Every structure is written in structure tokens, then in C-alpha cells.
Amino acid sequence: MSRRYDTLTPGNVRTGDQMKRYCFAIILSLLSSQAFALSCNSSAIETKVFTATSPGGQNIENFEISVPSDYVVVGGGLDAGFNKKYIYASYPKPDLSAWIISAKDQVYANYDSVTGYAIGMKVTGLTAAQLKSHITINQQNSGQYPYPNQYRGGAAFAEAIGGGFDINWTGWGILAYRSFPESSGWRSTGKVAGNYEFGDLTNYTISINGLYISQIGGSFKRFINQNESAPGQHIQSTAPVTGSTKLVGCGARVTWNRPTCAGCADIDGPGHNLWKIKPTVSGTTPTGCEAGSKDLLYADGDETIISYAMGLSICN
């Protein structure tokens with residue numbers, strides 16, 4: 001049997017297999033040490049919030065908030081007004097030139113406009129076309145359900161930086177109560193808003209190339225910050241973007257659990273619906289994300305809402 005001497009500890013003799021295991025342990029130790037810690041900086045990333053106000057009406061459908069041609073849409077949202085309208089769509093336009101929103105009144109007629117938001121991004125070293133080539137939108141439909149729920153993972157070797165949803169409803173409608181980061185992708189869910197009706201939800205996951213990109217001298221990495229409200233009937237929370245990262249997306253999740261079968265009674269009260277999910281700003285610079293929800297036909301003061309701020313940096 002071949003034997004080798006460990007020069008780090010003179011006199012200690014190891015077999016070939018032992019030496020392999022010993023070297024492997026050293027490598028693992030080094031990889032977990034600060035010597036291999038990522039160095040991240042977001043100074044090459046610029047994000048900006050663009051806003052637009054919709055026309056008035058009871059149902060604001062597929063209203064677009066565009067960004068200038070040198071920016072790429074990576075996130076967005078809307079403020080439908082407290083106790084006025086509720087959200088059923090908030091998602092990216094396929095060519096990444098705009099964010100699309102939809103909201104409707106419920107129970108009581110409301111003809112007010114809503115405010116929409118689009119988060120545009122540009123990166124030093126990349127043209128808008130080059131940046132778009134590194135971004136992927138994956139989408140998946142839930143099928144017809146009274147509580148449509150869908151998860152979609154991000155692209156391979158990519159960082160999921162945001163997402164959205166579009167609910168196709170009939171009758172009284174199906175409204176959103178969560179759209180948030182989960183694992184390596186994004187999940188969105190809707191719920192009936194009165195009568196027991198069916199609708200489908202298309203969930204969107206936005207991801208960006210996570211491999212090394214020579215033009216920027218590193219790779220994109222996401223960072224998520226979240227904040228949860230206290231319980232209540234009318235709840236809001238705000239999550240600031242993490243550290244020096246740049247905000248690229250917003251998420252929200254009402255901590256209500258839907259019934260487990262068709263026709264089952266609500267297992268966690270009547271629940272809430274989203275009326276606000278939007279970026280917060282200082283001037284036009286995004287600083288975090290804000291979300292709001294409320295009960296609808298019946299009082300429910302047991303829910304909380306979690307807001308999510310999706311941050312992005314360049315690491316090497």
C-alpha cells in the first residue's frame with residue numbers, strides 16, 4: 001500500500017485514501033472561510049421608479065407603465081387606494097418595456113383612477129439590449145380554481161429577482177392575496193371575492209443571469225429583505241432594500257391559509273385581498289417595498305402581511 005507523508009505535520013503518515021479525505025476537508029474549510037467571501041457592489045446598477053395614473057373606472061384593466069428605451073423593466077406594482085379597488089394583475093410586459101397592472105372595485109362601486117409603478121434598471125457596461133439578453137421571464141398558468149395558486153422557478157443558473165401575476169376572472173371576481181419570492185422562483189395566489197367562482201392565474205418569475213459576465217466584471221446576486229405587520233383588519237408593512245443593493249422587485253404575502261378542498265369552510269377566517277404592492281421612493285430612487293391588504297365582506301383581524309424588497313448587486 002502506498003504511503004505519503006503529510007508535510008504540514010512532520011512524522012504523521014497517511015495512506016492515499018486518508019490523504020484524499022484530509023485534503024478534501026481542508027478545501028471545504030477554505031471555501032467556507034472569509035478568504036473566499038463574495039465582494040459585492042451595486043454602484044454599476046441604476047434603478048429608477050416611473051409612475052403613471054390610469055383613467056378612472058370600476059375596472060382598470062391592463063394599464064401599462066412604460067420606461068424610457070435605455071431602461072429595462074424588472075419590477076413594479078400599484079396603489080389601488082384603500083377601500084377602493086383590489087389588485088388582480090401586476091406583471092412585466094414580455095419585451096420588458098413596461099409593467100402592466102389591473103384592479104377592480106368590489107362590493108361598492110368605485111370610479112377612481114389607480115397609480116401604477118414600474119422599476120427600470122440600467123447597468124454600466126451593458127446596453128439595454130445586452131441587459132435584456134440576460135433576463136428571462138418564465139410563466140405558468142394555474143388552471144381553473146376558486147383559489148388559483150402557482151409557483152414557477154427561475155431560469156437555470158440565474159437569480160430570481162422578481163415576479164408577478166395576471167388573474168383571469170368571471171362573476172364577482174378573484175383577487176390576489178400574495179405574490180412573493182419562494183425558493184429559487186416566485187409564487188402567486190388569488191382567492192374568491194364573494195361568490196364561489198373559478199378563475200385562472202398566470203404566475204411570472206423574472207430572473208437574471210447569475211453566471212460571470214465579463215462586461216460587468218462579476219455576476220448578479222439577489223438579496224431579499226422582508227418585514228411583517230402586526231395582525232389586523234387593515235394592515236400594511238414596508239421592507240427597506242438590503243444594505244447597498246439596488247431595488248429591482250417587490251413582493252407581498254398575506255398570511256392567510258386557503259381552504260383545503262372545494263366547498264370547505266375557510267380554515268383561517270375569510271381572509272384579505274391586496275390593494276397595494278409598490279416600491280417606496282426617495283425622489284425617483286427606489287428605497288424599498290410597501291404592501292397593504294384588508295378584509296372584504298367579513299371582518300378578519302387575525303391576518304398579517306409580509307412585504308418583500310428584492311435587492312440586486314454585482315459580486316465577484
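In this predicted model, strand E20, which spans residues 285-295, is mostly covered, with nine of its 11 residues buried. Strand E17 (residues 234-240) is joined to E20 by seven bridges, and the two run antiparallel. Within this pairing, Ala 239 has Cys 289 of E20 as its bridge partner. Strand E19 (residues 272-282) is likewise antiparallel to E20, and 10 bridges join the two. Here Leu 274 is matched with Ser 293 of E20 as its bridge partner. E19 and E20 form a hairpin in which two residues separate the strands. Gly 283, located in the turn, has a positive phi of about 75°.

An open sheet elsewhere in the analysis consists of six strands in the order E5-E8-E7-E12-E15-E10, paired in antiparallel fashion. Strands E5 (59-66) and E10 (135-141) each have a single partner strand and stand at the edges, so one side of each is left without a neighbour in the sheet. Direction ignored, neighbouring strands of this sheet are turned by 25° against each other on average. The edge strand E10 runs antiparallel to E15 (residues 200-209), to which seven bridges join it. In this pairing, Asn 141 stands opposite Thr 202 of E15.

Strand E15 also contains Asn 203. This residue is buried, with a relative accessible area of 0%. When residues up to four places away in sequence are not counted, Asn 203 touches Asn 138, Gln 139, Gln 140, Gln 150, Tyr 151, Arg 152, Gly 164, Trp 186, Arg 187 and Ser 188. The C-alpha atoms of Asn 203 and Thr 189 are 8.5 Å apart in space, with the two residues 14 apart in sequence.

Arg 187, one of the residues touched by Asn 203, takes part in a salt bridge with Glu 182, in which the closest N and O atoms are 2.9 Å apart. Arg 187 has a relative accessible area of 16% and is therefore buried, the limit being under 20%. Its partner Glu 182 counts as partly exposed, at 26% relative accessibility.

In total, seven salt bridges are found in a search of the whole structure. Among them is the one between the side chains of Lys 93 and Glu 64, with an N to O distance of 3.2 Å. This pair links distant parts of the chain, 29 residues apart: Lys 93 lies in the loop between strands E7 (86-92) and E8 (98-104), and Glu 64 in strand E5. Lys 93 is partly exposed, with a relative accessible area of 25%, and Glu 64 also counts as partly exposed, at 33%. A further salt bridge is formed by Asp 112 and Lys 84, whose closest N and O atoms are 3.2 Å apart. Asp 112 lies in the loop between E8 and strand E9 (115-123), and Lys 84 in the loop between strand E6 (72-79) and E7, so the pair ties together parts that are 28 residues apart in sequence. The relative accessibility of Asp 112 is 32%, which counts as partly exposed; Lys 84, at 34%, counts as partly exposed too.

Eight aromatic pairs are present in the structure. The rings of Tyr 88 and Trp 169 have centres 5.6 Å apart and planes at 85°, so this pair is edge-to-face. Tyr 88 belongs to strand E7 and Trp 169 to the loop between strands E12 (158-168) and E13 (174-182), so that distant parts of the chain, 81 residues apart, are linked. Tyr 88 is buried, with a relative accessible area of 2%. For Phe 180 and Tyr 308, the ring centres are 5.9 Å apart and the planes are at 25°, so the pair is stacked. Phe 180 lies in strand E13 and Tyr 308 in strand E21 (residues 305-315), a link between distant parts of the chain that are 128 residues apart. Both Phe 180 and Tyr 308 are buried.

Ring pairs also link Tyr 147, Tyr 177 and Trp 256 into a cluster. The ring of Trp 256 additionally has the charged end of Lys 191 over it, 5.0 Å from the ring centre. Trp 169, the edge-to-face partner of Tyr 88, has Lys 104 lying over its face at 4.7 Å from the ring centre.

Terms used
Residues are numbered from 1 along each chain as its sequence is written. This is a predicted model: local features need pLDDT of at least 70, side-chain atom pairs count only at pLDDT 80 or more; totals for chains, interfaces and linings use all residues. Side-chain values use heavy atoms; hydrogens and water are left out. Two strands pair if DSSP finds at least two bridges between them. Helices (H or I, at least four residues) and strands (E, at least two) are DSSP runs, numbered from the N terminus. Axes are lines fitted to C-alpha atoms, for helices over the stretch in contact, and angles run from 0 to 180 degrees between N-to-C directions. A salt bridge is a side-chain nitrogen of Lys or Arg within 4 Å of a carboxyl oxygen of Asp or Glu. Buried means under 20% relative accessible area, exposed over 50%, partly exposed in between (1.4 Å probe, protein chains only). Rings of Phe, Tyr and Trp (its six-membered ring) pair if their centres lie within 6.5 Å; planes under 30 degrees apart count as stacked, over 60 as edge-to-face and the rest as tilted. A charge sits over a ring if NZ of Lys or CZ of Arg is within 6 Å of the ring centre and within 35 degrees of the ring normal. Contact means heavy atoms within 4.5 Å.
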